[in-house]
Amino acid sequence: MKAKIIHLATHGLLNDFQGLGLPGAISLAPTKTDKGFLSASEILDLKLSAELVVLSACNTGRGRVTSDGVIGLSRSLVAAGVPSVVVSLWKVPDDSTADLMIEFYRQLQQTPDKAVALRQAMLTTLKQYPNPVEWAALTLIGEAE
């Protein structure tokens, strides 16, 4: 089975855990032998066929800024084969982000354009949460359709 959408609502970390110059990690469940972090460098080694990955966690769109752009989780996901990634640019609040994500997926059922769906979700969420800090952190990187 191949997932069209991968959604991870967890913690995003900005550190370069492996010292490879590639910052960013997603916090997952740890085990006895694994700390539970999926690093940006580990994502590079994956072959992903999902059409969309959503990282509705804090700071998942941030990374090391270079002349070639931002190096981090989003770049790793695109390099691993994902054409569209939704990430956050700052620490996101739980309640408003949950409402925004629910509305985003509702909008995706109406339109195949991910950018339009995210914009409409933001406009809807704005009505309940007027402060942009509550709804404006998420951005689409990559292909809209």
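In what order do the elements of the chain run from the N terminus on? In this predicted model, the order is β-β-β-β-α-β-β-β-α-β-α-α-β.

**View 1. The whole chain, start to finish.** Counting up the secondary structure of the chain gives 4 helices and 9 strands. The radius of gyration is 15 Å, close to the 15 Å that the globule rule gives for 145 residues, so the chain is as compact as a globular protein of that length. If you're setting up a box, the C-alpha trace spans about 45 × 40 × 30 Å along its principal axes.

**View 2. An open sheet built from 4 strands.** Follow the strands across and you get the order β1-β5-β8-β9, with mixed pairing. The edges belong to β1 (5-8) and β9 (138-142); each has a single partner strand, so one side of each is left without a neighbour in the sheet. Going from one strand to the next, the twist averages 15 degrees.

**View 3. Zooming in on the β5 and β8 pair.** Here β5 (residues 52-55) runs parallel to β8 (residues 84-88), and 3 bridges join the two. For a handy landmark, look for Val-53, which sits opposite Val-85 in β8.

**View 4. Two helices against the sheet.** Helix α3 (residues 94-108) lies across β1, β5, β8 and β9. Its direction is at about 165 degrees to β5. Helix α4 (residues 114-128) also packs on the sheet, where it touches β5, β8 and β9. The angle between the directions of α4 and β9 is about 175 degrees.

**View 5. The largest pocket, with α3 in its wall.** There's about 180 Å³ of space in here. The lining takes in 13 residues, and the ones closest to the pocket centre are Thr-10, Ser-56, Ala-57, Val-92 and Asp-94. Helix α3 supplies the largest share of the lining, 4 residues. Sorted by class, the pocket lining has 7 nonpolar, 4 polar and 2 charged residues.

**View 6. A cavity inside the model.** Rolling a probe the size of a water molecule over the atoms shows where empty space is left. Searching the whole structure turns up 1 cavity of 30 Å³ or more, and the volume of the largest cavity is about 40 Å³. Around the largest cavity you'll find Val-92, Pro-93, Thr-97 and Leu-100, plus Val-133, Glu-134, Trp-135, Ala-136, Ala-137 and Leu-138. That lining breaks down into 8 nonpolar, 1 polar and 1 charged residues. Val-92 is worth picking out: it lines this cavity and is also among the residues closest to the centre of the largest pocket.

Technical notes. Residues numbered from 1 in each chain as written. Predicted model: local features only at pLDDT ≥ 70, side-chain atom pairs only at ≥ 80, totals over all residues. Heavy atoms only, no water. 1 Å grid on protein atoms, 1.4 Å probe; cavity = no way out; pocket = protein on both sides within 12 Å on 5 of 7 lines; lining within 4 Å. Points joined across faces, edges and corners; volume = space filled by probe spheres on them. Nonpolar A, V, L, I, M, F, W, Y, C, P; charged D, E, K, R; others polar. Pairing = 2+ DSSP bridges. Axes fitted to C-alpha atoms, helices over the stretch in contact; angles between N-to-C directions. Contact = heavy atoms within 4.5 Å. Rg over C-alpha atoms; globule rule 2.2 N^0.38 Å.
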